[in-house]
Amino acid sequence: MIFLNKFLFLILLVPFVSCEKFRFNNYTLYRISPENDQHYKLLQDIQNTDVRFDFWSDPTPLLDFVTVLSSPEDKDDLEEILRGNKMKYEVTMQNIQEAIDKETVESYTRSNNISMSWNTYYTLDSINSWLANLITAYPGIAGMIIGGRSYEGRDIKGLKISHGSGRRAIFIEGGIHSREWISPSSACYIINELLTSNDPATRAAARDYDWYIFPVTNPDGYVWTHEQFRLWRKNRRPIGTAVGVDLNRNWNNNWLVSGASVNPASDIYAGPGPFSEPETLSLSEYIRSMGDRIDLYLSIHSFSQLLLIPFGNSTAAYANYHDAMNIGRRAMGALSVRYGTQYITGNIAEAIYQATGGSVDWVKEQLKVPLVYCYELRDRGTFGFLLPTDQIRPNNEEVMDSLLEMIHQAKRFGYMNSSNGLHGSLFLCFLALIIKMFH
Ligand code: 0X9
Ligand code: ZN
């Protein structure tokens, strides 16, 4: 999760050293289990004051783990602090470079290949050629959409899946944080299912809505994680001597109000102003141009196994807060069926930490989209951002299960009634009337 202040030397050094990939040799990942308020408080203090340790997740009482990365030089100190305070911890990876080396990354160039494997990650070029190939394979149903442009001039590419005009829309934004590799993968999996599945519920979902899916909304950052620095989170715009703005702190809704930084070296740097970044500005314009067609908006992140609803700075219940929670909880119930994976559903400010300027808050508040969720995918801190490739397929399958249930529940609660569905029910009423007349 967030990277408040730490590893400043890496943040300052690595952005400009673009010749060789940074290696995390002997960097150790800890999964700490705080047991009381004192433990949480101590971990929060370390996170806020000790720049040597990189908190991959935040000490928040809702989560019973905190994931922290240490360099080989500082690990003895960390262990001493933990032991001195009687805190339970386990070393989940002695040397995260080994896990990074195990993460296979496929880049296919064959122009007619339309199948993705769900046991490997992909480069940006591969994802984009896969999208292009799908458009050729499913003409009239799948179309390329460009949601905007990045600082380095890359298009934010996505796919629109539509079986006809006039449908309500579902919008999915993946990869806004570049190191969360499972996010683009799950967005691609959803695309793949919508186009190829024979499952009736999936086919109905594909048919009944217009889908707008952007697997990689931070393309520069994503390329950087593949080519230079695996743990890069922000975009790649140089700001003074630092690089990058956290694109999930840069949206124009309660910008910089809480859980964001004014320090360009920080991993939660909100940028010099709201929508200062080409990625957020162009993508938000694209989303706004869709008017009020969006019924469901999903932002996909990792990790912690959470389903979050707005807002990032308030736990106050808005108009359909309880519906959103109920629909979310039921969707997470469906997610757990296949592999037993447990998610917690909650409000952002309550479930993790106060964080404003995120996409979901803007979409909810400014565009009044009825249902808006942020997924924090697998796992619960064992591998964190370095989710092993053998978990890609199970993760993606369970996310798809949850999405179908989310749509099902949303409809039961009176949401997402596509015009298509409306025609269907009008037709049924008409039919019932005719039957009655002749009875
Ligand atoms: O901090 C974030 O941006 C997200 N967590 S992550 O670990 N993937 O970085 C949470 C986003 C929740 N949404 C808002 N804060 N609006
Ligand atoms: Zn994220």
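The legends below describe close-up views of a predicted model.

**Figure 1. Overview of the predicted chain.** The chain has 439 residues, and 59% of them count as buried. Its secondary structure comes to 14 helices and 16 strands. Among contacts with a separation of 6 or more, 76% join residues 24 or more positions apart. The exposed area of the chain is about 17300 Å², of which carbon and sulfur atoms supply 52%.

**Figure 2. The site of the zinc ion (ligand 2).** Protein donors to the zinc ion are ND1 of His177, OE of Glu180, listed twice, and ND1 of His301. These donors lie 2.0 to 2.3 Å from the ion. Along the chain they follow the spacing H-x2-E-x120-H. Histidine 177 belongs to the loop between β9 (169–174) and α6 (182–196), whereas histidine 301 belongs to strand β13 (residues 294–302), so the two histidines tie together parts that are 124 residues apart in sequence. Histidine 177 and histidine 301 are both buried.

**Figure 3. Helix α8 and its cover.** Of the nine residues in helix α8 (residues 219–227), eight are buried, so the helix is largely enclosed by the rest of the structure. The buried residues are Pro219, Asp220, Gly221, Tyr222, Val223, Trp224, Thr225 and His226. Their cover includes the strands β5 (105–106), β6 (121–122) and β8 (155–161). It also includes the helices α5 (124–137), α6 and α9 (278–289). Trp224, one of the buried residues of α8, has arginine 236 over the face of its ring, at 3.6 Å from the ring centre.

**Figure 4. Arginine 230 and tryptophan 181.** In this view, the charged end of arginine 230 sits over the ring of tryptophan 181. The distance to the ring centre is 3.7 Å.

**Figure 5. Aromatic pairs around tyrosine 318.** The count of aromatic pairs in the model comes to 21. One of them joins phenylalanine 311 and tyrosine 318, with 5.5 Å from centre to centre and 80 degrees between the planes, an edge-to-face arrangement. Tyrosine 318 also pairs with tyrosine 321: the ring centres are 5.4 Å apart and the planes stand at 75 degrees, so this pair is edge-to-face as well. Phenylalanine 311 is buried. Tyrosine 318 has a relative accessible area of 16%, under the 20% limit, and therefore counts as buried. Tyrosine 321 is buried too, at 7% relative accessibility.

**Figure 6. An aromatic cluster.** One aromatic cluster is formed by Phe22, Phe24, Tyr27, Phe229 and Trp232. Its members thus include residues numbered 22, 24 and 27 together with 229 and 232.

**Figure 7. Glycine 333 and serine 402.** Glycine 333 is part of helix α10 (residues 321–339). With a relative accessible area of 34%, glycine 333 is partly exposed. Serine 402 is 69 residues away from glycine 333 in sequence, while their C-alpha atoms are 7.7 Å apart in space.

**Figure 8. Cysteines 188 and 374.** Cysteine 188 is buried, its relative accessible area being 0%. Cysteine 374 also counts as buried, at 7% relative accessibility. The structure holds zero disulfides.

Definitions and conventions
Residues numbered from 1 in each chain as written. Chains lettered and ligands numbered in written order. Predicted model: local features only at pLDDT ≥ 70, side-chain atom pairs only at ≥ 80, totals over all residues. Heavy atoms only, no water. Disulfide = S-S within 2.5 Å. Buried < 20%, exposed > 50% of the residue type's maximum accessible area, 1.4 Å probe, protein only. Phe/Tyr/Trp six-rings, centres within 6.5 Å; stacked < 30°, edge-to-face > 60°. Lys NZ or Arg CZ within 6 Å of the ring centre and 35° of its normal. Helix = DSSP H or I, 4+ residues; strand = E, 2+ residues; numbered from the N terminus. Contact = heavy atoms within 4.5 Å. Areas by Shrake-Rupley, 256 points an atom, 1.4 Å probe, with all protein chains shown as cover. Donors = N, O, S within 2.8 Å, 3.2 Å for Na, K, Ca; no water.
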